[in-house]
Amino acid sequence: MSDKVLVIVESPTKAKTIKKFLPKNFIVMASIGHVRDLPQSASQIPAKYKGVEWAKLGVNVENNFEPLYTIPKGKSKVINELKAELKKCSALYLATDEDREGESISWHLLELLKPKVPVKRMVFHEITKAAITDALEHTRDIDFQLVSSQETRRILDRLVGYTLSPLIWKKIAYGLSAGRVQSAGLRMLVERERERIAFVKAEYWDLKALLSKDKTDFEAKLIQVDNQKIASGKDFEPTTGQLKKEDQVVVLSEKDAKELLAEVKKGPWKVESVEEKDFTSKPYPPFITSTLQQEASRKLGFTARVTMRTAQALYEQGLITYMRTDSPNLSQQAIDATRTQVSELYGKEFLSQAPRQFSSKSKGAQEAHEAIRPAGTEFKKPDETGLIDREFKLYDLIWKRTLASQMAEAQKRSMQVRIASGRALFAASGLKIVFPGYLRVYVEGKDAPEDALEDTETLLPHLEPKNEVDCKKLEEVSHETKPVARYTEASLIQALEKSGIGRPSTYASIISTILDRDYAFKQGSALVPTYTGFVVVQLLENHFEELVDYSFTSKMEETLDEIANGNQESIPYLTQFYLGAKGLQKQVEKKEEKIDPEEAREVKLSRAYNDVQLRVGRFGPFLIKKMPKGEEDIRASIPNDIAPSELTNEKVQEIIEVSQKGPQPIGKHPETGDNIYALLGRFGPYVQLGEMTDDKPKPKRASIPKEISPTEITLDQAVQLLILPRELGPDPKTGNMVKANKGRFGPYVQLEGEFRSIKEPDDVYTIELDRALELLAEPKVSRRGSQKIKELGEHPTSKKKIDLMNGKYGPFLKMGTKNFGLDKEIDLDKLTLEEAVKIINSKE
């Protein structure tokens, strides 16, 4: 028999990396992800099960919840290739990822390939020579408890999704769905938006002084008047706007602040007390999946999905350890590698006194056995990796966080100063970094900018009690309390983890699903629930509360952990959850008739809208104003960009007013003579030139900016908006028209497929042809800061254009949406198209 050994991994990149560390007789092939799954549509159900009722669900609930597995489209070829290669081999090694999902893929491969040769399961948490050698020496059997846990998760998700979704289609709108884990995540977003709706704004004033001593300026804020504390934002009740404890603080009005300013400005300003305090701060643990996603969101602006894809690529290239883990533990070899590198780069004084080890706070920690860190016993420095763009940035973040975990504590000194003038007391705060320690390498990202100040040095002059200081400037400052911030991807992951909802491998998919199904949208980095998201959560809260109850969802995750550990059986749990007296199937059957579709479609916000109802329909959210008998009710779409907490009474009345009036012309265009209308659509208010007719099905339109009310827009403003797109004139070289317009990312000039942003002081409404040509002649800079050096030509196979680019981390080739790093020794001036094609082909 042949001495060949077949090794199967999930991806071609992983196959290429692992092959370098295996004996020559080992053949490595990729399954290209999952090889079997529950059917996604009726067309995937095998012929012999067509017409069988349970086959639509993909799970035979009457026969011990037996799943119906099918091979996804396009995977049969991969399976046949693996079977053909296996026939030539004397052994099979299954080397899929070490978590439950990876274990499940190995089991599915075993079921499909039905090998007649010895089968071994090899696992590793990094792709290095030492790790692969160790994995070969310590193979094991497939862990069927892990497989059972993953299969139970998949069945649970299918039971919830396929049982509740049809109900939601009937009661709210076709195409909507509910999921086991994302519904709890969506409820978090909705509850946060409800807090914002209930918020009542409060106003308060204080004074801010610019003081000086020994030619050093520093700021001080008013904290007391007549020995009574001045109110700040945290002293107000967010749902009433009233003080929490009226007798303990004083609220300054604008009049009070102005009078006090006039009184205390003349001084004298004297230091009453100075308090210095030395303290230390410790570095954060190395990354686990959730903290990596949070930091990459805060520091790099990555979505959870982008973070996980990028981390997967780094892992498969052998640069970091396995990226799905909830253990911050470092192995001894990792600690040694980290401390060696810290000592070499920064000196021994920057090392912690003793090796620092971290343990997981998570009850269900189970995924992998080590933190996310650079791979190997000698970590590659970021500039030695040859990485570019996202991969470089994420590796750099992981490398720095790992090093920081073994570095000395930061030593800081705070100074709190109290300064009096008349009956007013001011406070000034200073912070000095005495010894940076781990801050030399890494500063934790913050969700709120003001929280980042704790790691920022603020130096004060030398001050002692009874010192006099000069007041250079004193001003009254108005403040308004702010509603609780919406969740970002980072803070939602933090909340999900804290509540025990989901696991490291699911956070990215929870957020992606919520966004992909239009249950939420992004406003900057904030996650805003849509009106559709609201009604789905309302239906679940009112009729299936357990499914969106955080403790219940968390308990389900714990049960899956128990199944993985062998302490719980899968079938009894599934039976109780779905077929029990209070099981999901019985609940749906019992409650379906009781759910009124009209009521289910109504969005119930805590504020009243004066006889106006808010509903969700097939084409999105809309308002209904009930009219007297004999008159037709007024219906008006709500623009997609108005968040539920921003839908005030004033905004509702404005939308109703615009809809009630119908297309009322603002006036006639001075050049064409056509009427101009201010209208409201799904994507917000806009102006339209002329009526929509058969001859003119798409009249010219332009969005109305947020700062202009659609009910108050003037004819001159509307004419100005309708100027765009402007034709500036033909390009002297090509004769093609140069245009100026506004787009998703702001104003720009365009010549065929070339675009350049228009930045101040240039203006999209006044820019001329000569200036536009100057902008178009400038090298193109991408939104990520990359600049085109030159065009090399077209790839002979893909026919895609190849450009030589220069980015933040060095030169690279760009073909379509893909980037390819270049080695440092390549002479960019002499790089030809043929050489670029060879580089791209080798990397692909």
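Here are some numbered notes on this predicted model, going from the whole chain down to single residues.

1. Overall picture. The protein has 844 residues, and 49% of them count as buried. Its C-alpha trace spans about 100 × 80 × 75 Å along the principal axes. On the secondary-structure side, expect to scroll through 22 helices and 31 strands.

2. The β17–β18 hairpin. Strand β17 covers residues 612–617, and β18 covers residues 620–625. The two make a hairpin, with two residues between them. They pair in the antiparallel sense over six bridges. If you want a spot to check the register by eye, look at Val 616, which sits opposite Pro 621 of β18. Five of the six residues in β17 are buried, so the strand is largely enclosed by the rest of the structure.

3. Phe 622, on the β18 side. This residue belongs to strand β18. Is Phe 622 buried or exposed? Its relative accessibility is 17%, and because the cut-off for buried is under 20%, Phe 622 counts as buried. Phe 622 and Val 603 are 19 residues apart in sequence, and their C-alpha atoms are 9.8 Å apart in space.

4. Strand β22 and its two partners. Here six of the six residues (684–689) are buried, so β22 is largely enclosed by the rest of the structure. On one side of the story is β21 (residues 675–681), which runs antiparallel to β22 and is joined to it by six bridges. A hairpin of two residues connects β21 to β22, and Gly 681 stands opposite Gly 684 of β22. The other partner is β23 (residues 701–703), again antiparallel to β22, with three bridges. In that pairing, Val 687 has Ala 702 of β23 as its bridge partner. One thing to keep in mind while looking at strands like these: in a regular strand the side chains alternate between the two faces of the sheet.

5. Ile 802. You'll find this one in strand β29, residues 801–807. Its relative accessible area is 0%, so Ile 802 is buried. For a sense of scale, Ile 802 and Lys 20 are 782 residues apart along the chain, and their C-alpha atoms are separated by 30 Å.

6. Salt bridges, starting with a buried one. The count comes to 44 salt bridges. As background, side chains of opposite charge can pair when their charged atoms come close. Take Asp 97 and Lys 14, whose side chains meet at 2.7 Å, N to O. Asp 97 is in the loop between β5 and α3 (100–113), while Lys 14 is in helix α1 (residues 12–19), so this pair ties together parts that are 83 residues apart in sequence. Both residues are buried.

7. A longer-range pair. Which residue does Glu 480 meet in a salt bridge? The partner is Lys 201, at 3.5 Å, N to O. This pair links distant parts of the chain, 279 residues apart: Glu 480 is in strand β14 (residues 468–480), and Lys 201 is in the loop between α6 (182–198) and β7 (203–213). Glu 480 is partly exposed, with a relative accessible area of 42%. Lys 201, with 52%, is exposed.

8. One more pair, and a network. Asp 235 and Lys 229 form a salt bridge too, with their closest N and O atoms 2.9 Å apart. Asp 235 counts as buried at 15% relative accessibility, whereas Lys 229 is partly exposed, with a relative accessible area of 34%. Elsewhere, Glu 10, Lys 14, Asp 97, Asp 99 and Arg 324 are joined into one network by salt bridges that share partners. The Asp 97–Lys 14 contact from point 6 involves two of those names.

9. A positive patch on the surface. Which residues form the positive surface patch? Lys 83, Lys 87, Lys 114 and Lys 116 do. Lys 87 lies in the loop between α2 (75–86) and β5 (91–94). At 72% relative accessibility, Lys 87 counts as exposed, since the cut-off for that class is over 50%.

Notes: Residues numbered from 1 in each chain as written. Predicted model: local features only at pLDDT ≥ 70, side-chain atom pairs only at ≥ 80, totals over all residues. Heavy atoms only, no water. Patch = residues over 30% accessible without salt bridge, like charges linked within 9 Å, V, L, I, M, F, W, Y side chains within 5 Å. Areas by Shrake-Rupley, 256 points an atom, 1.4 Å probe, with all protein chains shown as cover. Salt bridge = Lys/Arg side-chain N within 4 Å of Asp/Glu carboxyl O. Lys, Arg positive; Asp, Glu negative; His and termini not counted. Charge placed at Lys NZ, Arg CZ, Asp CG, Glu CD. Helix = DSSP H or I, 4+ residues; strand = E, 2+ residues; numbered from the N terminus. Buried < 20%, exposed > 50% of the residue type's maximum accessible area, 1.4 Å probe, protein only. Pairing = 2+ DSSP bridges.
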